[in-house]
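Open the model in your viewer and set it to cartoon. This short tour goes from one selection to the next.

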Amino acid sequence: MGKFVNSVDEFFSFCKENEVQFVDFRFTVIKVAWHHLTYNYKAIDAQLLENGMPFDGSSIEAWQPINKSDMILKPDVESAFMDPFTADSTIIVFCDVYDIYKGQMYEKCPRSIAKKSLEYISEAGIADIAYFGPENEFFIFDDVVIKDEINESHYRVDSIEGEWNDDTSFADDYNTGHRPRTKGGYFPVMPTDTMVDLRAEMMQILEEVGLDVMLGHHEVAQAQGEIGIKFGTLVEAADNVQKYKYVVKMVAHLNGKTATFMPKPLFGDNGNGMHVHQSIWKDGKNLFYNEGEYANLSETAIHYIGGIFHHARAVAAFTNASTNSFKRLIPGFEAPSILTYSSQNRSASCRIPYGAGEMATRIEMRFPDSTACPYLAFTAMLLAGLDGIKHKMVPVGPMDEDLFELTLDEIREKGIPQMPHTLRGCLEALIRDNEFLTPVMTPEFIDTYQHYKFETQVWPDESRPTAFEFKSTYSC
């Protein structure tokens with residue numbers, strides 16, 4: 001579908017054609033959440049779009065101190081699209097954040113960091129473009145209840161597809177008995193797949209907001225789905241993740257449901273990943289392609305994989321950005337934690353898709369998830385991969401066996417490195433191993449990021465007792 005406008009003049013023409021009443025300026029913060037500021041359309045002119053809009057940066061977590069709080073939102077009009085959900089005609093515009101104190105794009109703005117990575121890849125002379133194709137999985141639940149207090153904590157999610165509802169008597173309906181079962185949700189038809197119409201609505205609206213939608217289907221877990229979106233350049237792909245999550249959540253919400261991209265909301269069933277396809281190109285040539293080699297992979301591609309694996313513990317601080325991420329990265333649930341690569345094999349952390357010629361040869365990193373800020377996750381993988389190319393890093397592999405069947409002892413005997421097991425481990429690795437990021441991410445940002453994640457994720461999680469701990473230790 002692509003862009004709706006290509007210039008400021010086209011922006012105003014597009015707004016006039018669509019009788020726009022409000023302009024919603026949106027930006028992404030470290031946490032991954034979208035924030036927004038809405039202007040009356042009559043208050044918008046070319047000068048405002050050029051100069052940007054002021055806002056309070058001290059009110060955003062892990063950003064500015066209160067004595068240096070003034071910041072500027074810089075609109076990217078080429079990102080504009082109509083909001084399909086507002087009652088009044090509203091156009092959404094992605095923004096970057098500008099630091100008035102340093103006179104530059106803000107070093108803690110994820111989208112600005114992603115743009116800087118594109119400048120770096122070109123300046124480094126390795127490639128002139130990088131393509132990313134994320135696959136974001138999600139759950140749709142009928143209800144969610146959360147309580148987190150000093151003396152009690154619990155959660156409960158519910159779905160009509162959940163096998164825990166086999167003996168439920170529904171007040172307004174009968175119990176059909178048709179359910180996908182644990183790990184049984186891959187590609188069933190109706191009535192077992194209850195989300196066909198919901199996904200179809202999501203797919204239609206995703207097309208309306210400018211995404212090229214390829215397919216939609218039920219995923220392996222109960223109440224889990226996925227919609228396939230065409231790849232894009234790094235910033236474009238990250239923008240599309242933000243659009244995708246917004247549409248999925250809103251369509252679910254307007255249909256009386258609730259959608260989540262949380263990696264592991266169900267114990268004992270598959271979790272949500274964000275598999276990320278990647279390739280880099282120069283002068284119109286795919287640098288990952290070498291016909292006749294293993295899976296048609298070039299030496300450049302092998303070294304790129306080697307770089308991501310070499311820095312995987314630090315990279316995971318960005319690609320798996322929550323404590324919940326590591327409840328997904330355990331054996332047996334199609335969430336690869338073993339750092340090797342393989343053609344077609346979904347049990348490897350890096351899969352090489354089947355049957356790819358030059359145009360489609362790529363790698364697929366399978367460990368990331370949607371708690372990642374896409375701008376930061378894609379940038380971290382790109383920089384690690386480029387470092388691998390620079391230093392000719394060679395990953396373990398290829399390995400075509402079923403890695404899910406290997407025991408921990410066998411993994412160690414074969415010398416296969418593993419993903420870290422906790423967010424704490426990733427953040428501690430990031431403190432030690434971050435030089436590969438510094439061509440794009442500043443030391444101040446990296447320091448802010450790891451402190452923010454410790455304070456908002458690691459320490460709160462580690463200090464809370466869980467129901468399982470009561471179950472296993474209360475009577476000791």
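Start with Asp-24 in strand 1: its bridge partner in strand 6 is Ile-92. Keep in mind that this is a predicted model.

Now widen the selection to residues 22–28, which form strand 1, and residues 90–99, which form strand 6. The two strands pair in the parallel sense, over five bridges.

Next, add strand 2, residues 34–40. Strand 1 pairs with strand 2 in the antiparallel sense, and seven bridges link them. Pick Phe-25 and look across to strand 2: Leu-37 is its bridge partner.

Follow the chain through the turn. Strands 1 and 2 form a hairpin, with five residues between them. Stop at Val-32 in this turn, where phi is positive, at about 100°.

Before leaving, show the surface around strand 1. How many of its seven residues are buried? Six are, so to speak of strand 1 as mostly covered is fair.

Move on to the helices. Select helix 3, residues 110–123, and helix 9, residues 374–390. Their axes lie 8 Å apart, and the helices pack at an angle of about 25°. Angles under 35 degrees count as roughly parallel, so helix 3 is roughly parallel to helix 9. The crossing of helix 3 past helix 9 is left-handed.

Turn on side chains at the contact. On helix 3, show Pro-110, Arg-111, Ile-113, Ala-114, Ser-117, Tyr-120 and Ile-121. On helix 9, show Tyr-375, Leu-376, Thr-379, Leu-382, Leu-383 and Leu-386. Colour this contact by class: ten residues are nonpolar, two are polar and one is charged.

Terms used: Residues numbered from 1 in each chain as written. Predicted model: local features only at pLDDT ≥ 70, side-chain atom pairs only at ≥ 80, totals over all residues. Heavy atoms only, no water. Axes fitted to C-alpha atoms, helices over the stretch in contact; angles between N-to-C directions. Helix = DSSP H or I, 4+ residues; strand = E, 2+ residues; numbered from the N terminus. Parallel < 35°, antiparallel > 145°, perpendicular 65-115°, else oblique. Left-handed = near helix turned anticlockwise from the far one by under 90°. Contact = heavy atoms within 4.5 Å. Nonpolar A, V, L, I, M, F, W, Y, C, P; charged D, E, K, R; others polar. Buried < 20%, exposed > 50% of the residue type's maximum accessible area, 1.4 Å probe, protein only. Pairing = 2+ DSSP bridges.
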